[in-house]
Amino acid sequence: MKKILPSILSADFANLERDIKELESIGIDMFHIDVMDGNFVPNISFGFPIIESIRPKTDKVFDCHLMIANPENYVEQFCKVGCDMVSFHIEATNHADRVIQVIKNNGKKAGIVLNPQTPIESIKYLLPKLNYVLIMTVNPGFGGQKFIPEMLEKIEELAKLREEKNYNFLIEVDGGINIETSKACRDKGADLLVCGSFLFGASDKEKTLGELLK
Ligand code: DX5
Ligand code: ZN
């Protein structure tokens, strides 16, 4: 089943609980949480305390996207503060297999993220172990950027590989998702679609949500 995951990076941080509840009320059951360290990406978002404080406010799924250098140093703590899914960038670590093991040993779903320039080849041997692969459709660091259309081919390639080898990871996409790009990504095989500025900027979120999945 295809799903839209609102990125709370575009929420009002002074009213996070209100924004989460509003999205829950229109049927959202997974939230995308962007952690940026000002090192792996040229921006800083938030860390453990914010996740800990919103965790008791909802029982929905927290999908944590770590845009941090050396995720091996922090990944266990992100599991412990209540993330249900944790993904890290392959470009950010030399210890990918170990990071996956830590996430899984903590009972969470493990994902790897690929920047636009990073080929699928770089994670080929890890694919059987992953619960999901996140294809960045913009360069990570900021909300509101323009979708990179060449990424559609990458989604298609990954979906093909999944079918050939009978893998069961989900394909997630992140960056520049709107009604048009959502459809294009789903047509190529994406299952989970992160949406930030487009959904939060919509005056009628319920209607927009429906359009994003049409
Ligand atoms: C970008 C983040 C995204 C971002 C998406 O680095 O990983 O999750 O919030 O925002 P939009 O949908 O505005 O591109
Ligand atoms: Zn993200």
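Trainee: Which elements do the buried residues of H8 pack against?

Mentor: Let's start there, keeping in mind that this is a predicted model. The buried residues of H8 pack against strand S1 (3–6), helix H1 (16–25), helix H6 (179–188), strand S8 (192–195) and helix H7 (197–200).

Trainee: And which residues of H8 are buried?

Mentor: In helix H8, residues 205–212, they are Lys-205, Thr-208, Leu-209 and Leu-212. Looking down the axis of H8, you find these buried residues within an arc of 105°, so they line one face of the helix. The face turned away from that buried side carries Glu-206 and Lys-207, which are exposed.

Trainee: What caps the N-terminal end of H8?

Mentor: Asp-204 does, with a side-chain oxygen 3.3 Å from the backbone nitrogen of Glu-206.

Trainee: H6 was among the neighbours of H8. Which residues of H6 are buried?

Mentor: Thr-181, Ser-182, Cys-185 and Arg-186 are buried in H6. Down the axis of H6, the buried residues fall within an arc of 135°, so here too they line one face of the helix. On the other side of H6, the exposed residues are Glu-180 and Asp-187.

Trainee: What covers the buried residues of H6?

Mentor: The cover includes S1, helix H5 (151–165), strand S7 (170–174), S8 and H8.

Trainee: What should I look at around the ends of H6?

Mentor: At its start, a side-chain oxygen of Asn-178 comes to within 3.0 Å of the backbone nitrogen of Glu-180. Just after H6, look at Gly-189, whose phi is positive at about 125°.

Trainee: Now the strands, please. How do strands of a sheet pair?

Mentor: The general idea is that they pair through backbone hydrogen bonds, in either a parallel or an antiparallel way. In this structure, 8 strands make an open sheet in the order S1-S8-S7-S6-S5-S4-S3-S2, and the pairing is parallel. S1 and strand S2 (30–36) are the edge strands, each pairing on one side only. On average, neighbouring strands of this sheet are turned by 25° against each other, direction ignored.

Trainee: Over how many bridges do S1 and S8 pair?

Mentor: Over 4 bridges, in the parallel sense. To follow the register, find Ile-4 opposite Leu-193 in S8, then Pro-6, whose bridge partner in S8 is Cys-195.

Trainee: How many bridges join S7 to S8?

Mentor: There are 3 bridges joining them, and the two strands run parallel. Asp-174 has Val-194 in S8 as its bridge partner.

Trainee: Are the faces of S8 covered or open?

Mentor: Both faces of S8 are covered. Leu-192 and Val-194 are buried on one side, and Leu-193 and Cys-195 are buried on the other.

Trainee: What about strand S5: how many of its residues are buried?

Mentor: S5 spans residues 109–114 and is mostly covered, with 5 of its 6 residues buried. Strand S4, residues 85–89, runs parallel to S5 and is joined to it by 5 bridges. For a landmark, use His-89, which stands opposite Val-113 in S5.

Trainee: How many aromatic pairs are there?

Mentor: The count comes to 3 aromatic pairs. One of them is Phe-13 with Phe-46, which is edge-to-face: the rings are 5.6 Å apart centre to centre, with 80° between the planes. This pair links distant parts of the chain, 33 residues apart: Phe-13 is in the loop between S1 and H1, and Phe-46 is in the loop between S2 and helix H2 (48–54).

Trainee: Is Phe-46 buried or exposed?

Mentor: Phe-46 counts as buried because its relative accessibility is 9%, and the cut-off for buried is under 20%. Phe-13 is partly exposed, with a relative accessible area of 42%.

Trainee: Which other aromatic pair could I inspect?

Mentor: Try Tyr-167 and Phe-169, a tilted pair at 6.0 Å centre to centre and 40° between the planes. Tyr-167 is partly exposed, at a relative accessible area of 22%, while Phe-169 counts as buried at 1% relative accessibility.

Trainee: And how far apart are Glu-157 and Ser-25 in space?

Mentor: They are 35 Å apart, C-alpha to C-alpha, and 132 residues apart in sequence. Glu-157 lies in helix H5 and counts as partly exposed, at 48% relative accessibility.

Key: Residues are numbered from 1 along each chain as its sequence is written. Chains are lettered from A and ligands numbered from 1 in the order in which they are written. This is a predicted model: local features need pLDDT of at least 70, side-chain atom pairs count only at pLDDT 80 or more; totals for chains, interfaces and linings use all residues. Side-chain values use heavy atoms; hydrogens and water are left out. Buried means under 20% relative accessible area, exposed over 50%, partly exposed in between (1.4 Å probe, protein chains only). The arc is that of the directions from the helix axis to the C-beta atoms. Contact means heavy atoms within 4.5 Å. A polar contact is a pair of N or O atoms within 3.5 Å; within protein, one must be able to donate a hydrogen and the other to accept it, and residues adjacent in sequence count only if both atoms are side-chain atoms. Two strands pair if DSSP finds at least two bridges between them. Axes are lines fitted to C-alpha atoms, for helices over the stretch in contact, and angles run from 0 to 180 degrees between N-to-C directions. Rings of Phe, Tyr and Trp (its six-membered ring) pair if their centres lie within 6.5 Å; planes under 30 degrees apart count as stacked, over 60 as edge-to-face and the rest as tilted.
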